[in-house]
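Hi everyone, thanks for making time today. I'd like to walk you through one model, so please have the sequence and the viewer open as we go.

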Amino acid sequence: MGFSGFDIAIIVLVFLVIILLFKGIKTVPQGYNYTVERFGRYTKTLTPGLNIINPIFERVGAKMNMMEQVLDVPTQEIITRDNAIVGVDGIAFYQILNAAQAAYQVAGLQNAILNLTMTNIRTVMGSMDLDELLSNRDAINERLLRVVDEAAHPWGIKITRVEIKDINPPANLIESMGRQMTAERNKRAHILAAEGLKQSQILEAEGRREAAFRDAEARERSAEAEAKATQVVSEAIAKGDVQALNYFIAQKYTEALTRIGSATNSKVVLMPLEASSLIGTLGGIGEIAKEVFRSEGTAGAQRQAARPPLVRPNET
């Protein structure tokens with residue numbers, strides 16, 4: 001059975017329609033967006049899933065990865081504000097938010113982000129001293145993120161993070177910094193030792209002052225007691241009690257002998273002593289004691305006589 005020309009045309013037409021259907025069906029994987037161009041001009045964006053385009057007039061332009069991506073920033077030398085040369089490398093994270101802008105606003109997106117990041121690293125870190133560079137890494141990252149993200153915003157991307165990985169000063173500079181750190185620590189140690197010595201001397205001086213004050217107070221009280229005793233003896237003598245004078249002289253005499261005998265630089269003491277005077281003085285002390293006991297006995301008898309007699313029950 002032969003095919004006519006019309007049958008062949010129908011078969012060819014069906015075959016072309018099937019081919020066009022297969023070419024017009026586009027499956028976009030998750031995490032990607034496809035741009036569609038009609039006669040070379042952007043028309044729409046295909047999202048993940050099954051999409052249909054006109055294969056005769058439209059075609060897929062750019063296949064953009066919408067997931068967050070990482071970009072390694074190579075090592076570069078930077079001259080700081082205090083003329084120190086350091087090697088710096090880093091890492092940048094970015095994500096495409098608008099596939100059309102990322103595809104058509106800039107040519108070579110990753111290369112553009114890389115050069116933009118490196119340029120701003122030199123600008124930001126070159127305006128700082130070496131000490132600030134080494135101690136303010138978080139502030140540097142935050143400043144870089146703000147500047148680079150603002151510059152890349154027209155490209156339809158979001159810079160999510162910029163991190164400085166390593167800052168490598170020259171070897172001679174590291175050695176100088178080590179010596180400086182050692183000197184600084186030695187300085188702090190000397191300062192702490194001096195402060196400790198100062199506090200110790202202050203406490204010692206305060207202790208001596210307190211001891212001197214207590215000693216002076218003790219001497220003052222002793223002098224007051226001595227003056228009081230002398231006053232009492234003087235009043236007793238003024239009243240005609242000579243035994244009080246003998247007691248006072250004997251006490252002083254005995255204290256003097258005690259100090260002479262307890263001296264560390266004297267082993268043998270040779271001095272004339274009048275035994276009769278010492279005995280007489282001691283006798284005066286005895287007489288004073290007798291007078292005291294006698295007066296106390298008389299006063300006790302008087303108090304006993306003044307009491308009323310006790311009446312016992314069986315005597316009534």
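**Two sides of a helix**

Let's start on helix H5, where Glu-142 and Glu-150 are exposed on one side. Before going further, please keep in mind that this is a predicted model.

So what is buried in H5? The residues are Ile-140, Asn-141, Leu-144, Val-148, Asp-149 and Ala-152. They share one side of H5, because the arc they cover around the axis is only 145°. You'll notice that Asn-141 and Asp-149 are in that buried set as well.

And which elements do these buried residues pack against? There are three: helix H3, which is 109-126, helix H4, which is 130-135, and strand S8, which is 157-168. For those of you who like checking geometry, H5 runs over residues 137-152, 16 residues in all. From first C-alpha to last, H5 reaches 22 Å, close to the 22 Å expected at 1.5 Å a residue.

Now let's move over to H3. With 18 residues at 1.5 Å a residue, H3 should span 26 Å, and its end C-alpha atoms are indeed 26 Å apart. The buried residues of H3 are Leu-109, Ala-112, Ile-113, Leu-114, Leu-116, Thr-117, Met-118, Asn-120, Ile-121, Val-124 and Met-125. Their cover includes S6, S7, helix H2 (99-104), H4, H5 and S8.

Next, the strands. Val-36 sits in strand S2, residues 32-38. Is Val-36 buried or exposed? It counts as buried, because its relative accessibility is 0%. What does Val-36 touch, if we leave aside its neighbours within four places in sequence? The contacts are Arg-41, Tyr-42, Thr-43, Lys-44, Leu-46, Ile-53, Glu-58, Arg-59 and Gly-61. One of these partners, Leu-46, is ten residues along the chain from Val-36, and their C-alpha atoms are separated by 7.2 Å.

Met-64 makes a nice companion case. You'll find it in strand S5, residues 58-65. Met-64 is buried, with a relative accessible area of 11%. Its C-alpha is 5.3 Å from that of Asn-33, although the two are 31 residues apart along the chain. Again leaving aside neighbours within four places in sequence, Met-64 is in contact with Gly-31, Tyr-32, Asn-33, Ile-96, Ala-99, Ala-102 and Ala-103.

If you like backbone torsions, here are a couple for you. Phe-39 is not a glycine, yet its phi is positive, at about 55°. Phe-39 is in the loop between S2 and strand S3, which is 41-46. With a relative accessible area of 68%, Phe-39 is exposed. Asn-83 also has a positive phi without being a glycine, near 65°. Asn-83 lies in the loop between strand S6 (69-79) and strand S7 (85-96), and at 64% relative accessibility it counts as exposed.

Last stop, the surface. Which residues form a nonpolar patch there? They are Phe-6, Ile-10, Leu-13, Val-14, Val-17, Ile-18, Leu-21 and Phe-22, with about 800 Å² of accessible area together. Take Val-17 from that patch: it lies in helix H1, residues 5-24. Val-17 is partly exposed, because its relative accessible area is 40%, and the partly exposed class runs between 20% and 50%.

That's my tour, and I'm happy to take questions.

Key: Residues numbered from 1 in each chain as written. Predicted model: local features only at pLDDT ≥ 70, side-chain atom pairs only at ≥ 80, totals over all residues. Heavy atoms only, no water. Patch = residues over 30% accessible without salt bridge, like charges linked within 9 Å, V, L, I, M, F, W, Y side chains within 5 Å. Areas by Shrake-Rupley, 256 points an atom, 1.4 Å probe, with all protein chains shown as cover. Salt bridge = Lys/Arg side-chain N within 4 Å of Asp/Glu carboxyl O. Helix = DSSP H or I, 4+ residues; strand = E, 2+ residues; numbered from the N terminus. Buried < 20%, exposed > 50% of the residue type's maximum accessible area, 1.4 Å probe, protein only. Contact = heavy atoms within 4.5 Å. Expected span 1.5 Å × (residues − 1). Arc of directions from axis to C-beta.
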